[in-house]
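User: I would like a close look at one part of this model. Please keep it brisk, and walk me through the charged pairs.

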Amino acid sequence: MRRMEKVAQLSRPVCELWAVSSELVAAHRAALARFAQGEQAIAARRETVEAEGDQARALRETVR
């Protein structure tokens, strides 16, 4: 019976630790997803800026 009491005493903190670690993993995954979205937005903006620069260069060449 002593052993079962010890297991019962340990199981609650272990369950709480598991819950907290699961929350941390979920938060980390969400942060990674937000980071990836930001990276995609930056890449899309970079492509837009490069395209606008190409258009401006082409227009300057046309005007010359």
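User: Is Arg-2 buried or exposed, and what is its relative accessible area? Please start there and then go on to the salt bridges.

Analyst: Arg-2 is exposed, because its relative accessible area of 70% is over the 50% cut-off. Keep in mind that this is a predicted model.

Now look at what Arg-2 meets. Its side chain and that of Glu-5 form a salt bridge, with 3.7 Å from N to O. Both residues lie in helix 1, 3 residues apart, which is about one turn of the helix. Glu-5 has a relative accessibility of 39% and counts as partly exposed.

Some background helps here. Side chains of opposite charge can pair when their charged atoms come close.

The structure holds 3 salt bridges. Another joins Glu-16 and Arg-12, whose closest N and O atoms are 3.2 Å apart. These two residues also sit in helix 1, and 4 residues separate them in sequence, again about one turn. Arg-12 is exposed at 60% relative accessible area. Glu-16 is partly exposed at 44%.

The remaining pair to visit is Asp-54 with Arg-57. Their closest N and O atoms are 2.5 Å apart. Helix 1 holds both of them, 3 residues apart, about one turn of the helix. Asp-54 is partly exposed, with a relative accessible area of 45%. Arg-57 counts as partly exposed too, at 44%.

Now step back to the helix itself. The chain has 1 helix and 0 strands. Helix 1 covers residues 2–63 and includes Ala-26. Ala-27 is found in helix 1 as well. Follow the helix from these alanines. From Ala-26 to Met-4 is 22 residues along the chain, and their C-alpha atoms are 32 Å apart. From Ala-27 to Arg-60 is 33 residues in sequence and 49 Å in space, C-alpha to C-alpha.

The whole chain fits that picture. Its C-alpha trace spans about 95 × 10 × 5 Å along the principal axes. The radius of gyration is 28 Å, while a compact globule of 64 residues would have one near 11 Å.

What about cover? Of the 64 residues, 0% count as buried. Ala-26 is partly exposed at 45% relative accessible area, and Ala-27 is partly exposed at 43%. The accessible surface of the chain is about 6,200 Å², and 62% of that belongs to carbon and sulfur atoms.

Finally, return to charge. The chain carries 11 positive and 9 negative charges, and the mean positions of the two sets are 9 Å apart.

Methods:
Residues numbered from 1 in each chain as written. Predicted model: local features only at pLDDT ≥ 70, side-chain atom pairs only at ≥ 80, totals over all residues. Heavy atoms only, no water. Buried < 20%, exposed > 50% of the residue type's maximum accessible area, 1.4 Å probe, protein only. Rg over C-alpha atoms; globule rule 2.2 N^0.38 Å. Areas by Shrake-Rupley, 256 points an atom, 1.4 Å probe, with all protein chains shown as cover. Lys, Arg positive; Asp, Glu negative; His and termini not counted. Charge placed at Lys NZ, Arg CZ, Asp CG, Glu CD. Salt bridge = Lys/Arg side-chain N within 4 Å of Asp/Glu carboxyl O.
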